[in-house]
Amino acid sequence: MASSSSSSSPQTETCLNFITHLLTALKDRVMNVIFRKETPRKGEQHSQALPQAIGSSSSSSHERNHQVFLSFRGEDTRLNFTAHLLKALEDRGVSVFFDEKDLEKGKEYFSRALSKAIAASEISLIVLSKDYASSNSCLDELFHTMDRKRKYGRTVIPIFYHVDPSHVRNFVGRFKTCFEKHEKSRPVDQMRRWKAAFAEVGEIPGWHIKGGKVDRPETEYIREIVDDVSKKLMNKRSRNVSEEMVGIDDQKQAILGLIEQKDSRIIGLWGMGGIGKTTLADAVYNKILVDFKRGFFLLNVSEKIKKQGRESLRNELLSKLLSEKEIRIDTLSIGSPYQERLNNVRVAAVFDDVSHPDQIDFMGVKHFGHGSKIIVTSRDRHVLKNVGVDKIYEVKKLDVDDSLQLFSTFAFKQFNPDPDFRDLSNKFLEYAQGNPLALKVLGSELHKKSRKEWESEMHKLKEYGQPEISQVLKSSFDGLDELEKNIFLDIACFFNGEPMKNVEKILSCLYKGAVSGISNLVDKHLLDISPIKDIPVHERLGKAEEFRKRFKEYHRLKNHG
């Protein structure tokens, strides 16, 4: 082991930079981080004193509950990675679990302290470096961390630092050698536990920092990792939300703010197909449900009414709300005694994918008790207005960083793209335009495919689109009347990005009611009016068959010119 920082290798210096920025950013978010310092092996000495700032946090760390537990191989990173990590944490005011004297008293005490630290943490960051598996204490620590994940749903975020994730889960190379060495001296049961935990952490999507000249600066990774940790901490109470969904936390807080307003009984979530309305509604619903006597989440309202019938669906809903089997109401309205009973029930409810105001009125929402909160999701803003919602929230597309993380989760099973595929990843992000559904579908299709196949898929998208994405968006198109379809296709083919005033003038010469038709398309989120009143059309829907056919009708517009 090196005796001073001057003998550190270039790889060591890279580790140092990575941790410095990571923990500096973590502390900016006012997070508590537990630090476990590995006890040196027999005969080893500390070659360099850790920063003074480290010791200052030791006195009270045992009494606190911490948010983040950080696990790493001390011998790999003690002189750089760890020192700068702790310094950055201290600079940000983060509580650090570190008690060098106590941890050196012996394995028994260390195990108790470590177990307590892991149990108290909400999130564990596991920095998997090349020699992580050579340490008995690291593997024991990893086992307890993964055990808490399985039993209590604790969040674990692996950082594959200059190691291939597949080498971790498949015990390849250095990791294979380490485990073969352990097997010569460790009990069979312990080896079984260690191997299971190690393979399991290798399967978890995390951050892969490949290193080398082709990779990005580590400061960029650090910023993204800290953002990810921060969002997960803010969203810990909504455990039913998919971990694969990112970028919803700010929007969730905005909707919760609307719900808390006394004059907000019905909240409408409006946005295009696949934008994440249902996931966002689920996150909010799980957050507020604890405060209500009754709750229900009715998925795909329009589809269920078509298949099941609205009377059957309403009877099913009322049976659940009033805890009574086989309620049968065949009339248009809900009469006595059910109306009065509903008045006494304070409800948290979600009606998902509503396409007509009658679908809400028929369900008897107006009879729900005082203080009830109802969330309605729809692709059509006009439907929400007619339902009588108190507030309408437009669900926003994901920004570039969140789009890249979501796409990478499906394409690479980690939170960041492989450096060799980053340029192509950006092209698919441009195609998806921040739509979560498109990002998930495209990422899943590209998983484990070669760069040549990625390039071919991009060419295919430009020509034909992606069937699953197009089908979701086309369902919005199919719900249009004939006038709206014609207006949409004309704009998609000939006026995309043109000033709205010019488009309205030209199309008003072709269709009676063109202005109203354009307004309806905006309400259905098929057209987007920019601040300068240009009309961008939804590009992916433009790949539908109807769009391609309309090019052949070019002479129609010329004849009306």
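Select helix H14 and colour its buried residues (under 20% relative accessible area, 1.4 Å probe, protein chains only): Leu 313, Arg 314, Asn 315, Leu 317, Leu 318, Ser 319 and Leu 321. The model is predicted, with local features needing pLDDT of at least 70 and side-chain atom pairs pLDDT 80 or more, while totals for chains, interfaces and linings use all residues. Residues are numbered from 1 along each chain as its sequence is written, and side-chain values use heavy atoms, without hydrogens and water.

Helices (H or I, at least four residues) and strands (E, at least two) are DSSP runs, numbered from the N terminus. The end C-alpha atoms of H14 (residues 310-321) are 16 Å apart, which agrees with the 16 Å expected for twelve residues at 1.5 Å a residue; the expected span is 1.5 Å times one less than the number of residues.

Next, show what the buried residues of H14 pack against: strand E7 (294-298), helix H13 (301-308), helix H15 (338-343) and strand E8 (347-351). Just after H14, Ser 323 has a positive phi of about 55 degrees.

Move to Arg 294, in strand E7. Leaving aside neighbours within four places in sequence, Arg 294 has contacts (heavy atoms within 4.5 Å) with Lys 320, Leu 321, Ser 323, Val 345, Arg 346, Val 347 and Ala 348. Ala 349 is 55 residues from Arg 294 in sequence, with 8.4 Å between their C-alpha atoms.

Finally, select Phe 428, Leu 429, Tyr 431 and Ala 432 in H19, which meet Ala 438, Leu 439, Leu 442 and Leu 446 in H20.

Conventions
Buried < 20%, exposed > 50% of the residue type's maximum accessible area, 1.4 Å probe, protein only.
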